[in-house]
Amino acid sequence: MRAEIHIEGMHCESCPVDIKETLEETAGVREADTSLKRKTAVVDFDENTVQLTTLIKKIQDLGYAATVSGQPQSEVGA
Ligand SMILES: [Cu+2]
């Protein structure tokens with residue numbers, strides 16, 4: 001599924017690159033696109049392998065404030 005995470009604390013071009021690399025190193029993540037301008041990370045991941053809360057925690061561990069900013073377009077899962 002695809003989720004958009006809102007990120008506060010990115011201050012230069014290397015921040016979104018670090019976050020993107022960290023997310024894409026995570027098992028279950030197919031693709032991550034981060035934007036310094038929009039303060040977002042759009043992550044495409046397999047929800048059976050990794051949870052959105054885990055991805056948010058990973059970003060927080062890097063020192064950024066991360067929150068879910070958009071609901072996925074797929075149906076609501078338990
Ligand atoms: Cu930076």
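When I speak of helices and strands today, I mean runs assigned by DSSP, with at least four residues for a helix and at least two for a strand, numbered from the N terminus. With that in hand, the chain in front of you, which is a predicted model, contains 2 helices and 4 strands, and if you follow these elements from the N terminus on, they come in the order β-α-β-β-α-β. The chain has 78 residues, of which 37% count as buried, and its accessible surface comes to about 4,900 Å², with 47% of that belonging to carbon and sulfur atoms.

Let me turn to the copper ion. Which protein atoms serve as its donors? They are the SG atoms of Cys12 and Cys15, lying 2.1 to 2.2 Å from the ion. The two cysteines are placed in their surroundings as follows: Cys12 is partly exposed, because its relative accessibility is 29%, while Cys15 counts as buried, because its value is 2%, and the cut-off for buried is under 20%.

Now to the interior. In soluble globular proteins, nonpolar side chains tend to be buried together. Here the largest nonpolar core has 19 residues, and those with the most contacts inside it include Ile5, Ile7, Leu23, Val43 and Phe45. Strand E1, helix H1, strand E2, strand E3 and helix H2 each supply at least two residues of this core, and H2 gives the most, with 4 residues. If you would like one residue to follow on the screen, take Ile7, which, leaving aside its neighbours within four places in sequence, is in contact with residues including Ile19, Ala41, Ile59 and Tyr64.

Next, please look at strands E2 and E3, which pair in the antiparallel sense over 6 bridges. Within this pairing, Thr34 stands opposite Ala41 in E3, and in the hairpin, which has 4 residues between the strands, Lys39 takes a positive phi near 55°. Asp33 is found in strand E2, and, not counting residues up to four places away in sequence, Asp33 touches Lys20, Thr40, Ala41 and Val42. Is Asp33 buried, exposed or partly exposed? Asp33 is partly exposed, because its relative accessible area is 39%.

My last topic is charge, and the structure holds 7 salt bridges. One of them joins Arg2 and Asp44, whose closest N and O atoms are 4.0 Å apart, and this pair links distant parts of the chain, since Arg2 is in strand E1 and Asp44 in strand E3, 42 residues apart. Arg2 counts as partly exposed at 43% relative accessibility, whereas Asp44 counts as buried, because its value is 17%.

Another salt bridge brings together the side chains of Glu4 and Arg38, at 3.3 Å from N to O, and here too distant parts of the chain are linked, with Glu4 in strand E1 and Arg38 in the loop between E2 and E3, 34 residues apart. Glu4 is partly exposed, with a relative accessible area of 24%, and Arg38 is exposed, with 53%.

A further salt bridge lies within helix H2, where the side chains of Lys57 and Asp61 meet at 3.1 Å, N to O; because these two residues are 4 apart in the helix, they are separated by about one helical turn. Lys57 is partly exposed at 44% relative accessibility, and Asp61 is exposed at 56%. Finally, salt bridges that share partners join Arg2, Arg30 and Asp44 into one network.

Methods. Residues are numbered from 1 along each chain as its sequence is written. This is a predicted model: local features need pLDDT of at least 70, side-chain atom pairs count only at pLDDT 80 or more; totals for chains, interfaces and linings use all residues. Side-chain values use heavy atoms; hydrogens and water are left out. Donors are N, O and S atoms within 2.8 Å of the metal (3.2 Å for Na, K and Ca); water is not among the atoms, so sites may look incomplete. Buried means under 20% relative accessible area, exposed over 50%, partly exposed in between (1.4 Å probe, protein chains only). A nonpolar core is a set of buried Ala, Val, Leu, Ile, Met, Phe, Trp, Tyr and Cys residues joined through side-chain atoms within 4.5 Å. Contact means heavy atoms within 4.5 Å. Two strands pair if DSSP finds at least two bridges between them. Accessible areas come from the Shrake-Rupley method with a 1.4 Å probe; for residues, only the protein chains shown count as cover.
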